[in-house]
Amino acid sequence: MRCGACTNNAVLLNPAYCKSHFVKYFEDKVFDTIKRFRMITPSDRVCVAVSGGKDSLSVLYLVKKFLDAKKGGGSVVALAINEGIEGYRQKTLDDLKLFCSQQKIELRLLSYKEEFGTTLDYLVQQKKIAGKPCGACGTFRRSLLNRGSKGFDKLVTGHNMDDEVQAIMMNIFRHHLELALRSGPKTPQNPAGLFVQRVKPLYFCSEKEVRLYAHLQGFLTTFTECPNAAVSFRASVRDFINEYEAKCPGTKSMIVQWFLDTIGKDSSKKRSVISSVCLACGEPAVGTRCGSCTIVEQLRA
Ligand SMILES: [Zn+2]
Ligand SMILES: [Zn+2]
């Protein structure tokens, strides 16, 4: 199969592109998404959440490239979270440090240990938290992304189209409207200024495209999924969607398009807005305690 734009062999079949035309197609798609949804302006101070996986390395690299080209005074900082899983995260963090120093990007690190006095390993071992440790871990993670992005204009995450389609379908299957409204390429501004706006420049890029892009760019990643991850429901939704996509190509992009046309475009009106803060730590909270402080208090009890 030949590239649709030149005579070289194609590295991707749908659309058919050679290496250099695929890289251009992918980068143009990401930059167009940034512009179309006004995700980042040239003078923005941007914080990029990084796990060290292909998605976060690609989005970090492209946000830097976008801001460098605009020359509008904007800047980018990478933010990584150390959950504290023995023998699991250190190699990834070392690789991240190397990547950021090569790209001349400042890397900031927040850890559960320093911020909450506990580690994910400890959460898994003891039985004070009901259910899977993943819920508590997710709450800690959201808190730290919020703390770490304070003072920035935008928080960028590496969610790709497959992640979004899975989230949309999972929320439909479970009738979680409130959670579904958190999806979308850009979160609305919090009127009380408690959250930095979150944006997803890879929103229209499939997982396969991101994997190919990271591979062609030589972004080495040793990142692996958390050994405790409760992936069964997501994995079954993912497999079902992938099977359907194979039969009817274009299904994934139809699903995100449907979401954007119906729920996504005025999600700000339907979302409940958090406007109060935790009395213990000052972070956004629904009641008098944020989720993270509630968990820390349960652990101490
Ligand atoms: Zn080509
Ligand atoms: Zn708190």
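This report describes the two zinc sites, the cysteines and the internal cavity of a predicted model.

## The site of zinc ion (ligand 1)

In this predicted model, the zinc ion (ligand 1) is held by four protein donors, namely the SG atoms of C3, C6 and C18 together with ND1 of H21, and these atoms lie 2.0 to 2.3 Å from the metal. The angles among the four donor atoms run from 101 to 114°, and the site is accordingly classed as tetrahedral. Along the chain, the donors of this ion are arranged with the spacing C-x2-C-x11-C-x2-H.

Two of these donor residues can be described further by their accessibility. C3 has a relative accessibility of 5% and therefore counts as buried, the limit for that class being under 20%. C6, at 25% relative accessibility, counts as partly exposed, because that class covers values between the 20% limit for buried residues and the 50% limit for exposed ones.

## The site of zinc ion (ligand 2)

The zinc ion (ligand 2) has sulfur donors from four cysteines, with the SG atoms of C278, C281, C290 and C293 lying 2.3 Å from the ion. Here the angles among the four donor atoms are 104 to 117°, and this site, too, is tetrahedral. The donors follow the spacing C-x2-C-x8-C-x2-C along the chain.

Accessibility values are again available for two of the donor residues. C278, with a relative accessibility of 3%, counts as buried, whereas C281, with 29%, counts as partly exposed.

## Cysteines and disulfides

Although cysteine sulfur atoms serve as donors to the zinc ion (ligand 1) and to the zinc ion (ligand 2), the count of disulfides in the model is zero. That count rests on a distance rule, because a pair of cysteine sulfur atoms has to lie within 2.5 Å to be taken as a disulfide. A further cysteine, C137, has a relative accessibility of 14% and so counts as buried, since it falls under the 20% limit.

## The internal cavity

The model contains one cavity of 30 Å³ or more, and the volume of the largest cavity is about 40 Å³. Its lining is formed by V50, S51, A80, I81, E83, R89, L93 and R141.

By residue character, this lining divides into four nonpolar residues, one polar residue and three charged residues. The nonpolar group consists of V50, A80, I81 and L93, S51 is the polar member, and E83, R89 and R141 make up the charged group.

Note on methods. Residues numbered from 1 in each chain as written. Chains lettered and ligands numbered in written order. Predicted model: local features only at pLDDT ≥ 70, side-chain atom pairs only at ≥ 80, totals over all residues. Heavy atoms only, no water. Buried < 20%, exposed > 50% of the residue type's maximum accessible area, 1.4 Å probe, protein only. Donors = N, O, S within 2.8 Å, 3.2 Å for Na, K, Ca; no water. Tetrahedral: all angles 85-135°; square planar, octahedral: opposite > 155°, others 65-115°. 1 Å grid on protein atoms, 1.4 Å probe; cavity = no way out; pocket = protein on both sides within 12 Å on 5 of 7 lines; lining within 4 Å. Points joined across faces, edges and corners; volume = space filled by probe spheres on them.
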